[in-house]
Amino acid sequence: TAEGNGWVTVRYTVSEKGDVVDAVAFEASDQIFVEAALSAIYRWRFKPMKLNDRPIPARGVVRFAFEE
């Protein structure tokens with residue numbers, strides 16, 4: 001990868017309250033980007049998924065791209 005460019009793929013769970021929990025970086029072009037990706041995803045908030053009108057946890061995967 002060129003310096004300053006890269007990516008990280010993160011698996012995460014959205015809690016019943018809409019907060020991100022259990023985020024794990026499972027692929028990365030370089031370890032240098034992992035901390036920034038995890039720091040970013042923990043700031044995200046979601047509208048919780050519902051089943052029978054009750055909030056439930058949900059899983060997701062996202063790829064962060066870093067460009068200079």
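How many aromatic pairs does the structure hold? In this predicted model, the structure holds four aromatic pairs. One pair is formed by W44 and F64, whose ring centres lie 5.5 Å apart with planes at 45 degrees, so the pair is described as tilted. The two partners come from distant parts of the chain, since W44 belongs to the loop between α1 and β3 (49-51) while F64 belongs to strand β5 (residues 58-66), and 20 residues separate them. With regard to solvent, W44 is partly exposed, having a relative accessible area of 31%, whereas F64 is buried, with a relative accessible area of 13%. Beyond this pair, ring pairs join Y12, W44, F46 and F64 into a cluster.

Two members of this aromatic cluster, Y12 and F64, also appear in the largest nonpolar core. This core has twelve residues, namely V8, V10, Y12, V14, V20, A23, F33, V34, A37, A40, I41 and F64. Two or more residues of the core are given by each of the elements β1 (6-14), β2 and α1 (34-41). Within the core, V34 can be followed individually: when residues up to four places away in sequence are not counted, V34 touches V8, A25 and A28. Of these three neighbours, V8 is itself listed as a member of the core.

Strand β1 also contains T13, a residue that is buried, with a relative accessible area of 13%, which places T13 under the 20% limit used for that class. If neighbours within four places in sequence are left aside, T13 is in contact with D19, V20, V21 and D22, and also with P57, A58 and R59. Among these contacts, D22 has a place in strand β2 and, although D22 is not a glycine, has a positive phi of about 55 degrees. In contrast to the buried T13, D22 counts as exposed, at 57% relative accessibility.

A positive phi is also found at N52, a residue other than glycine, where the value is near 55 degrees. N52 lies in the loop between β3 and β4, and, at 70% relative accessibility, N52 counts as exposed because that value is over the 50% limit for the class. Strand β4 (residues 54-56) includes I56, which counts as partly exposed at 25% relative accessibility. Not counting residues up to four places away in sequence, I56 touches V14, S15 and E16 as well as M49, K50 and L51. The relation of I56 to K17 shows how separation in sequence and separation in space may be set side by side, for the two residues are 39 residues apart in sequence and 8.6 Å apart in space, C-alpha to C-alpha.

Charged side chains were considered next. Side chains of opposite charge can pair when their charged atoms come close. A search of the whole structure finds two salt bridges. In one of them, the side chains of D19 and R45 meet at 3.2 Å, N to O. This pair links distant parts of the chain, with D19 in the loop between β1 and β2, R45 in the loop between α1 and β3, and the two positions 26 residues apart. D19 counts as partly exposed, at 29% relative accessibility, whereas R45 is exposed, with a relative accessible area of 54%.

A salt bridge is also formed by E27 with R63, whose closest N and O atoms are 3.5 Å apart. Here the link again joins distant parts of the chain, as E27 is in strand β2, R63 is in strand β5, and the partners are 36 residues apart. Both residues fall in the intermediate class of accessibility: E27 is partly exposed, with a relative accessible area of 35%, and R63 is partly exposed, with a relative accessible area of 48%.

Finally, the surface was examined for nonpolar patches. V24, F26 and V61 make a nonpolar surface patch of about 250 Å². Of these residues, V24 has a place in strand β2 (residues 20-28), and, at 44% relative accessibility, V24 counts as partly exposed.

Methods
Residues are numbered from 1 along each chain as its sequence is written. This is a predicted model: local features need pLDDT of at least 70, side-chain atom pairs count only at pLDDT 80 or more; totals for chains, interfaces and linings use all residues. Side-chain values use heavy atoms; hydrogens and water are left out. Patches are made of residues with over 30% relative accessible area and no salt bridge: like charges are joined within 9 Å, nonpolar side chains (Val, Leu, Ile, Met, Phe, Trp, Tyr) within 5 Å. Accessible areas come from the Shrake-Rupley method with a 1.4 Å probe; for residues, only the protein chains shown count as cover. A salt bridge is a side-chain nitrogen of Lys or Arg within 4 Å of a carboxyl oxygen of Asp or Glu. Helices (H or I, at least four residues) and strands (E, at least two) are DSSP runs, numbered from the N terminus. Buried means under 20% relative accessible area, exposed over 50%, partly exposed in between (1.4 Å probe, protein chains only). A nonpolar core is a set of buried Ala, Val, Leu, Ile, Met, Phe, Trp, Tyr and Cys residues joined through side-chain atoms within 4.5 Å. Contact means heavy atoms within 4.5 Å. Rings of Phe, Tyr and Trp (its six-membered ring) pair if their centres lie within 6.5 Å; planes under 30 degrees apart count as stacked, over 60 as edge-to-face and the rest as tilted.
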